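The following exercises are to be worked with the sequence and the model side by side. Each task is followed by a solution in steps.

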Amino acid sequence: MLYLASQSPRRHELLNLIGVEHGRLDVDVPEVRQPGEPPADYVNRVAREKAGAGLLKVLATPQAVVLGADTEVVLGDVVYGKPVDDADAARMLRELSGRTHQVITAVWLVSAGREEHAVSVSDVSFAALDEAQIAAYLGSGEAMGKAGAYAIQGRAATFVSHLSGSHSAVMGLPLHETAVLLRKFKLLP
């Protein structure tokens, strides 16, 4: 049985999209980057910690497999997590405006006796955004709770002038890499 160690509606929807039955676990893992920790290492560590925390909740379930994932927006060495308020979201969008950033998503599958993981890195280019566009986007409410203060599957799709990588990874779960991992655990044909 597969469990998703996340309450993310996007990850849940993406697993449903590829026909994977799964339960959902609520895990509380601090998302705090360590001093000097490279962005990719940070994303990978948090995803592994989420999967591990989920596994602790279902260890008594025979053949339980837990999927943990983390997605972060990265520009240079700056990691743009979830904004704390509208002002923080506006700052993030201004800094991403007219530039190309990376979206790093790590996925871990863990069971009582096995671990597998994959990392997806996508390059996302934003058009130049003016203050009216940023204000309108903030008014939509989509920015909150999203790494980098945007949801590519929503209104922010109009900001993206170019995407090189995985659209689903930018949403929060790289479906190709996830399917490869699920097949290793015989959870997907």
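Strand 3 and strand 4 make a hairpin in which two residues separate the strands, and glycine 76 in the turn has a positive phi of about 65°. The model is a predicted one, and the exercises start from this hairpin.

**Exercise 1. The partners of strand 3**

Task: Determine which strands pair with strand 3, and in which sense strand 1, strand 4 and strand 5 run relative to it.

Solution.
1. Begin with the hairpin. Strand 4 (residues 78–80) pairs with strand 3 in the antiparallel sense over three bridges. Leucine 75 has valine 78 as its bridge partner in strand 4.
2. Turn to strand 1 (residues 2–4), which is joined to strand 3 by three bridges and runs parallel to it. Here leucine 4 is bridged to leucine 67 of strand 3.
3. Finish with strand 5. Nine bridges connect it to strand 3 (residues 65–75), and the two run antiparallel. Two pairs can be located in the model: alanine 69 with valine 107, and valine 74 with glutamine 102.

**Exercise 2. The two sides of strand 3**

Task: Sort the residues of strand 3 by the way they point, and decide whether they are buried or exposed.

Solution.
1. Recall the general pattern: side chains of a regular strand alternate between the two faces of the sheet.
2. Apply it to strand 3. Val65, Leu67, Ala69, Thr71, Val73 and Leu75 point one way, while Val66, Gly68, Asp70, Glu72 and Val74 point the other way.
3. Check burial, for which the relative accessible area must be under 20%. Every residue in both sets is buried, and the count for the strand is 11 of 11.

**Exercise 3. Strand 5 and its hairpin**

Task: Establish how far strand 5 is enclosed, and describe how strand 5 leads into strand 6.

Solution.
1. Count the buried residues of strand 5 (residues 100–110). Nine of the 11 are buried, so the strand is largely enclosed by the rest of the structure.
2. Follow the chain onward. Strand 5 and strand 6 form a hairpin, with four residues between them. The two strands pair antiparallel over 11 bridges, strand 6 covering residues 115–126, and valine 110 is placed opposite glutamate 115.
3. Inspect the connecting loop, where serine 111 is located. Serine 111 has a relative accessible area of 17% and is therefore buried. Beyond its neighbours within four places in sequence, serine 111 contacts Leu55, Ala64, Val65 and Phe185.

**Exercise 4. Leucine 67 and the core**

Task: Which residues touch the most other members of the largest nonpolar core, and what does leucine 67 touch?

Solution.
1. The largest nonpolar core has 43 residues, of which Leu67, Leu93 and Tyr150 touch the most other members. Apart from this core there is another, of 19 residues, including Tyr42, Val43, Val46 and Ala64.
2. With residues up to four places away in sequence set aside, the contacts of leucine 67 include Leu2, Tyr3, Leu4, Ala51, Val107, Trp108 and Thr178.
3. Take threonine 178 next, a residue of helix 6 (residues 175–184). Its relative accessibility is 0%, so threonine 178 counts as buried. Outside its neighbours within four places in sequence, threonine 178 contacts Leu15, Leu67, Val107 and Leu173.

**Exercise 5. The largest pocket**

Task: Identify the element that gives the most to the lining of the largest pocket, and describe the character of that lining.

Solution.
1. The largest pocket holds about 590 Å³ of space. Among its 32 lining residues, Arg11, Glu31, Lys50, Lys82 and Gly145 are closest to the centre.
2. Helix 1 (9–17), helix 2 (39–58), strand 3 and helix 5 (167–171) each give two or more residues to the lining. Strand 3, with four residues, gives the most.
3. By character, the lining comprises 13 nonpolar, eight polar and 11 charged residues.

**Exercise 6. Two alanines from separate parts of the chain**

Task: Describe the surroundings of alanine 89.

Solution.
1. Alanine 89 belongs to helix 3 (residues 86–96), and its relative accessibility of 0% means that it counts as buried.
2. Its C-alpha atom is 5.2 Å from that of alanine 149, although 60 residues separate the two in sequence.
3. Not counting residues up to four places away in sequence, alanine 89 touches Pro83, Leu138, Ala143 and Ala149.

Definitions and conventions:
Residues are numbered from 1 along each chain as its sequence is written. This is a predicted model: local features need pLDDT of at least 70, side-chain atom pairs count only at pLDDT 80 or more; totals for chains, interfaces and linings use all residues. Side-chain values use heavy atoms; hydrogens and water are left out. A nonpolar core is a set of buried Ala, Val, Leu, Ile, Met, Phe, Trp, Tyr and Cys residues joined through side-chain atoms within 4.5 Å. Buried means under 20% relative accessible area, exposed over 50%, partly exposed in between (1.4 Å probe, protein chains only). Contact means heavy atoms within 4.5 Å. Two strands pair if DSSP finds at least two bridges between them. On a 1 Å grid over the protein atoms alone, a cavity is a set of points where a 1.4 Å probe fits but cannot get out, and a pocket is an open set with protein on both sides within 12 Å along at least five of seven lines; lining residues have an atom within 4 Å of a point. Grid points are joined across faces, edges and corners, and a volume is the space filled by probe spheres set on the points. Ala, Val, Leu, Ile, Met, Phe, Trp, Tyr, Cys and Pro count as nonpolar, Asp, Glu, Lys and Arg as charged, and the others, Gly among them, as polar.
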